[in-house]
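Student: I would like to learn how to read the enclosed spaces inside a protein model. Could you walk me through it?

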Amino acid sequence: MSLVAGLDLGTQSVKLVVYDPASRQVLALQGRALELIAGDDGSREQHPSDWLDAIRACFAAVDPTLRARIAALGVSGQQHGFVPLDAEGQVLAPAKLWCDTSTSAQCAPIMDAVGGVAACIAQAGNPILAGYTASKLPWTKAHRPEAYAKLAAIALPHDYVNVWLTGARWMEHGDASGTGWLDVRTRDWSPALLAATDPERDLSACLPPLVEADALFPVRSEIAAELGLSPQLRVSAGGGDNMMAAIGTGCVVPGRLAMSLGTSGTLFAYSDTPVVSDSGAWAAFCDSTGGWLPLICTMNCTVATEQVARMFGFSTREGDAHIDATAPGAGGLSLLPFLNGERTPDLPLGRGVLTGLSAHNMDAAHLYRAAMEGATYSLKYGFDAFVSAGMAFDRIVLTGGGANSAAWRQLVADVFALPVDVPVQGEGAAFGAALQALWALGRAQGDATSMEALAAAHVATDPARACTPEPSRAPAYRAAYRRFTDHLDAVRPLYAAPPAA
């Protein structure tokens, strides 16, 4: 039987999964690191050419006989990126990424142009937050006028890879909803938001057509030859990394909550109707199966634990020992881990805050626990908004690098008071992209299997890594979480207001 593959273009690396649907086994897994260009102004950028080089290296490391058997490929990409292209499809400037907060000052003017935050949500379902694609365009106009003058097309990271693979431009609704320009209720571009972002040009002419989740496109013959792929290979619509992780964790039915512990932290849940927050408490995104994906995103998750580990000269692989050596609450330490600014809570200019230092907790173990707890409490803050809106969940499906930590899995179960499952396939976004490709290929061949049924057949959880809450720890975590939110309320005024543009 033919194989399928999924590419995940992340912030830190590119991952490639080759999957055999017949044996339900991953036959190859490759990854290549990416360089992040970070500036003191909050800018976070990458060169798109580096993405392509990493993809080439991943495929080159896979056995040629496996590559030749791949029938369909899906691409997952970090959301919200901005890749400016000229009329010939050439990149005009480095891509600004989801974690780029240098465009914070451009958010409010866009929303003001449509009547404010509430009007923006009424028009499209979401406010314009720091990191969303929309704010990157006026920033480019102001700071890279040469690139803006030549701008003919706008691509998200996964769109750019798809253009390279197929020569065709398209965007699917899940990733498109993270631009800030898509009306998630109608699943079409919002003329009001496009005009508010740039009243001097028709931005819709720069955007590709929107396609359905089961779309397929032929690979370019020259790319197939270069990568050692079949010339008959088809590329699926793909999507944002969160949308692909939803598929890869089986979060394609109502009531299931997925949590990703990666560079960013995310919580998302499938819905078959739009789920919009009037206050913008969560992102009202579309998903990449034809439904919707209400989502909470924090910008600092494993970033926080990795920074602490690096500061004290140990690996995060050794981190669980530090958690085991300390008690819930980190001895009174609280870390607001807003090292890159923050989206949930909405503090794009935020910075990390450490409080509660004393002689008995000023050590590597307590600080590492405070970082892990702080990253988890940020997600709990978003989870509380879901619960307040009436959403209910019976368990959490955990993915991302942090899910490899037994201590973090147990921490999530204890803080959220929910059982935790971990999928067998750890690369949720890449695996989800492969499953979307499998689903789209099947539909093209007349197979009417639903995404729900396909995910049920292929997404398995690992019983050895499942966790249940430990009630004896609940009081300590409740107290530490209250302390976290108290400190958050205290520092919010310091970081809330962006400077004037």
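Tutor: Let us go through the cavities of this predicted model.

Student: Happy to! What shows where empty space is left?

Tutor: The general idea is that a probe the size of a water molecule is rolled over the atoms, and this shows where empty space is left. In this model, the count comes to two cavities of 30 Å³ or more.

Student: How much space lies in the largest cavity?

Tutor: The largest cavity holds about 50 Å³ of space.

Student: Which elements each supply at least two residues of its lining?

Tutor: Strand 21 (334–336), helix 14 (364–388) and helix 18 (474–495) each do so for the largest cavity. Helix 14 gives the most, with four residues. Look in the viewer for lining residues including Leu 333, Ser 334, Ala 370, Glu 373, Tyr 377, Arg 483 and Phe 484.

Student: And what is the lining of the largest cavity by class?

Tutor: Six of its residues are nonpolar, two are polar and two are charged.

Student: Now the second largest cavity, please. Which residues line it?

Tutor: Leu 85, Ile 154, Ala 155, Asp 159, Val 163, Arg 169, Trp 170 and Pro 208 line the second largest cavity, and about 30 Å³ of space lies in it. Strand 9 (153–155) and helix 7 (157–166) each supply at least two residues of that lining.

Student: How many residues of each class does the lining of the second largest cavity have?

Tutor: By class, that lining has six nonpolar and two charged residues, with no polar ones.

Key: Residues are numbered from 1 along each chain as its sequence is written. This is a predicted model: local features need pLDDT of at least 70, side-chain atom pairs count only at pLDDT 80 or more; totals for chains, interfaces and linings use all residues. Side-chain values use heavy atoms; hydrogens and water are left out. On a 1 Å grid over the protein atoms alone, a cavity is a set of points where a 1.4 Å probe fits but cannot get out, and a pocket is an open set with protein on both sides within 12 Å along at least five of seven lines; lining residues have an atom within 4 Å of a point. Grid points are joined across faces, edges and corners, and a volume is the space filled by probe spheres set on the points. Ala, Val, Leu, Ile, Met, Phe, Trp, Tyr, Cys and Pro count as nonpolar, Asp, Glu, Lys and Arg as charged, and the others, Gly among them, as polar.
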